[in-house]
Amino acid sequence: MTAEALPAGTAPGPAAPGPAAPTDDRRRRRRLALLVVLIGLLAALLGLLLWYLLFRQPLPLPQIPTVPQMPGYTTSIYGPDRPTGIAVSPSGDRIYVTETEGAQVTRAYDAGGNLVATLEPPAATGSDHVPVYVAIDPLTSEVFVSDRPRGTIYVYDRDGRYQRELPAPAEVAGWQPLGLAFDAAGTLYVTDLAGEAQQVLVIDRSGELVRTFGAADRLAFPNGIAIDAAGNAYVTDSNHGRLLVYDPAGNLAAQVGRGAGVGNLGLPRGVAIDGRGLLYVVDTTGQAVFVYATLQPGSERLEYLGSFGQQGIEDGAFEFPTGGATDARGRVYVADSVNDRVQVWSY
């Protein structure tokens, strides 16, 4: 059968209705989900408002731990031959460095790294000298240098002129002074290698022995020593690979041991404390400087914060570093021994 033709001017009728488009259902579900989210946010805001109205205090939000920033490499001072000990004036305008090879003297540099003085022992004492560690008297700015072969401590003025020799306290026979440090009151702390019981001597302004400590802990070549603002003493017990912390009475309060774990030590030598209470331990075999917070009241451990440096000869790398010091401007000085330089790091 053939279809009949539509009259002229007549349009075809509408198509039969089909099933609804699937996108309509998705739109409805999205609107519903958005409404649920908005209701949830409103409920949370109402809960915060009720908390504040009831308790009038901040919400107990979790604390996010922060990692202290480590100092960055700034510059190097070249010149000293196998530098070992280092001490720096608070302003950083005098940097005293002992050299254990070459001329075996103590060099003084200004803030720009220029040599300004050479600290030499008196000629009458002969030529058998090896200056090892150095410290600055905070009251007089005099410079104290331990001389290992001579078994003595030489004292110089700020400009490097020889002043005198510090005799051993009357109670100490044949001392072998090594590490040196002063507290804020000008009391001198000396690590003494003499005898089987190596120990720390505390000497007052008149040269009298105040007390000793550390002998019971069987120290083996204690090198660096530093005193914090609370009077705690930090001693690097080098051959045992540990750092010992003593309270102001000389009692062992905390320690960091040797090992491969995070924050453990290898062969610690120099130690220094800055004005923020950060402790810097120069690790010779670790080829780095380890940073800790100084001992807090009631604590029996030191908080490890991080380290800086690595092995090498480039800027910011060490080859068997030994001594360490800080100044009041946030700079850290490291005697980079085998690289024959002093590195300066700053925040």
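## Helix α1 and a nonpolar patch

Helices are DSSP runs of H or I with at least four residues, and they are numbered from the N terminus. Helix α1 covers residues 23-55, and Ile39 lies in it. The model is predicted.

Ile39 also helps to form a nonpolar patch on the surface. Its partners there are Leu32, Leu35 and Val36. Together the four residues make a patch of about 400 Å². Is Ile39 buried or exposed? The relative accessible area of Ile39 is 52%. The cut-off for exposed is over 50%, so Ile39 counts as exposed.

## A four-stranded sheet

Four strands build an open sheet. Their order is β6-β7-β8-β9, and the pairing is antiparallel. Which strands stand at the edges? They are β6 (131-136) and β9 (162-166). Each has a single partner strand, so one side of each lacks a neighbour in the sheet. From one strand to the next, the twist averages 25 degrees.

Look now at β8 and β9. Strand β8 spans residues 152-156. β8 pairs with β9 in the antiparallel sense, over four bridges. One residue pair can be picked out: Tyr154 has Glu165, in β9, as its bridge partner.

## A salt bridge from strand to loop

How many salt bridges does a search of the whole structure find? It finds eleven. One of them joins Arg164 and Glu142. Their closest N and O atoms are 3.0 Å apart. This pair links distant parts of the chain. Arg164 sits in strand β9, while Glu142 sits in the loop between β6 and β7 (143-147). The two residues are 22 residues apart.

The two partners also differ in cover. Arg164 is partly exposed, with a relative accessible area of 37%. Glu142 is buried, at 13%.

## Other charged pairs

Asp274 and Arg276 form another salt bridge. Here the closest N and O atoms are 3.8 Å apart. Asp274 is buried, with a relative accessible area of 12%. Arg276 is exposed, at 54%.

Arg331 and Asp327 are also bridged, with their closest N and O atoms 2.8 Å apart. Are these two residues buried or exposed? Arg331 has a relative accessible area of 18%, and Asp327 has 6%. Buried means under 20%, so Arg331 is buried, and so is Asp327. Elsewhere, salt bridges with shared partners join Asp157, Asp159 and Arg161 into one network.

Key
Residues are numbered from 1 along each chain as its sequence is written. This is a predicted model: local features need pLDDT of at least 70, side-chain atom pairs count only at pLDDT 80 or more; totals for chains, interfaces and linings use all residues. Side-chain values use heavy atoms; hydrogens and water are left out. Patches are made of residues with over 30% relative accessible area and no salt bridge: like charges are joined within 9 Å, nonpolar side chains (Val, Leu, Ile, Met, Phe, Trp, Tyr) within 5 Å. Accessible areas come from the Shrake-Rupley method with a 1.4 Å probe; for residues, only the protein chains shown count as cover. A salt bridge is a side-chain nitrogen of Lys or Arg within 4 Å of a carboxyl oxygen of Asp or Glu. Buried means under 20% relative accessible area, exposed over 50%, partly exposed in between (1.4 Å probe, protein chains only). Two strands pair if DSSP finds at least two bridges between them. Axes are lines fitted to C-alpha atoms, for helices over the stretch in contact, and angles run from 0 to 180 degrees between N-to-C directions.
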